[in-house]
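Hi,

Here is the structure I said I would pass on. Have a look at it first, and my notes on what turned up are underneath.

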Amino acid sequence: MESMWLKYTLVVEPDLEDLFVAEVLTSPYTLGWMEPQIEVLTTENGYDYVENTEGPVVGYLFEPEQDSEEEHVARLKAYILRWNGRVTLKEVEIVAEENDSWKEEFREVRIGDWWVAPTWTDPASLEDAEHILWIDPGAAFGTGYHGTTQDMLLFLQELDLAGKKVLDIGAGSGILTVYSALNGAKQPVWAVDVNPQSEYQVRVNTLNNQLPQEAVRVVIGDAREDATREQLPLQADLILVNIGGDEIIAMLELISERIAPDGQVVLSGIVDWNREAVLAAYEEAGFCAEKERYSDEWVTILLKRKT
């Protein structure tokens, strides 16, 4: 039987976009994409982007159909009340999971020495690319467009992953998981996400990059909960966390417990006004910040466990 989804088109005031995205990523809804706030461009030197700050931005959320459309819409309207009218519902559609129209929104993007591209990319666009990470976004978050993902990939390109046991929390479509597996990390690389759709998408992207399924191990659930925690490795040399600042602080107990001596952590999904709180919590727990990257208001931090 064909799976059906509700596709919600929301209008979001431009200055609210970052907060909206950060909160939706921890909600029961699946974020498709936001437009036209950032348009990614490919150039002779790699990639660039332009911002359109005039007028509202449009966000697309998805939710599997389980009840009547009226019940789903009522719950969504109740959910967006928290933004006091600054987020409004424009349109509701019921779409098949196989609906491919959204593919037009995604194209190749260069991040450091690597290109991230969906499998439907025109080969001519990548004829000079030396390293390609094939990522089909699907219903799980993680396209390579967002600054948090790009900054984490840039950090990963600077690290020696050979033989390292890697745990990716908030794996989404598996972009960081698959990169790690392709670049020498000890297999399996562990991918954890609360979104059930993540498992399918990580599996698809593992195959897209000619990796065996055993190269990754997907765990669905909240890594802080015992049932999920029990499925994770007892120790990891590198832990990647791309969620929200408050959630990163809440994840500290698990990370402190599972990080190897002298291990490293890359944290992202942090907004600059929450940076100090995140850093203070991790420094108190024995971590030292080694390097930071910024993309607009988003902060990505590389930390090392003090020995």
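A quick definition before the notes: helices (H or I, at least four residues) and strands (E, at least two) are DSSP runs, and their numbers count from the N terminus. Also bear in mind that this is a predicted model.

With those labels in hand, start at Pro188, which sits in the loop between helix H4 (175-182) and strand E11 (189-193). What is the peptide bond from Gln187 to Pro188, cis or trans? It is cis, with omega near 5°. If you set up anything from this model, that is a spot to look at in the viewer.

Next, the backbone angles. Two aspartates have a positive phi although they are not glycine: Asp262, with phi near 70°, and Asp296, with phi near 55°. Asp262 belongs to strand E14, while Asp296 is in the loop between strand E15 (287-295) and E16. Asp262 has a relative accessibility of 39%, so it counts as partly exposed. Asp296 is partly exposed as well, at 42% relative accessible area.

Asp262 comes up again in the salt bridges. Its side chain pairs with that of Lys304 at 3.3 Å, N to O. Asp262 is in strand E14 (residues 259-271) and Lys304 in strand E16 (residues 298-305), so this pair ties together parts that are 42 residues apart in sequence. Lys304, for its part, is partly exposed, with a relative accessible area of 27%.

How many salt bridges does a search of the whole structure find? The count is 14. Besides the Asp262 and Lys304 pair, here are some others to click through:

- Arg86 and Asp15 meet through their side chains at 2.7 Å, N to O. Arg86 is in the loop between helix H2 (69-80) and strand E6 (87-96), and Asp15 is in the loop between strand E1 (4-12) and helix H1 (17-24), so the bridge ties together parts 71 residues apart in sequence. Arg86 is partly exposed at 29% relative accessibility, whereas Asp15 is exposed, with a relative accessible area of 60%.
- Arg75 and Asp67 form a salt bridge at 2.8 Å, N to O. Arg75 has 38% relative accessibility and counts as partly exposed; Asp67, at 33%, is also partly exposed.
- Arg229, Glu253, Glu257 and Arg258 are linked to one another in a network of salt bridges.

The last residue on my list is Thr148, in helix H3 (residues 147-158). Is Thr148 buried or exposed? The cut-off for buried is under 20% relative accessible area, and Thr148 has 2%, so it is buried. What does its side chain pair with in a polar contact of 3.0 Å? The partner is the side chain of His146. Leaving aside residues up to four places away in sequence, Thr148 touches Asn242, Ser268, Gly269, Trp298 and Thr300. Two of the elements mentioned earlier show up here: strand E14 (residues 259-271) and strand E16 (residues 298-305) take in some of those contacts, including Ser268 and Trp298.

If you only open a few views, I would go for the cis bond from Gln187 to Pro188, the positive phi at Asp262 and the surroundings of Thr148.

Cheers

Conventions:
Residues are numbered from 1 along each chain as its sequence is written. This is a predicted model: local features need pLDDT of at least 70, side-chain atom pairs count only at pLDDT 80 or more; totals for chains, interfaces and linings use all residues. Side-chain values use heavy atoms; hydrogens and water are left out. A salt bridge is a side-chain nitrogen of Lys or Arg within 4 Å of a carboxyl oxygen of Asp or Glu. Buried means under 20% relative accessible area, exposed over 50%, partly exposed in between (1.4 Å probe, protein chains only). A polar contact is a pair of N or O atoms within 3.5 Å; within protein, one must be able to donate a hydrogen and the other to accept it, and residues adjacent in sequence count only if both atoms are side-chain atoms. Contact means heavy atoms within 4.5 Å.
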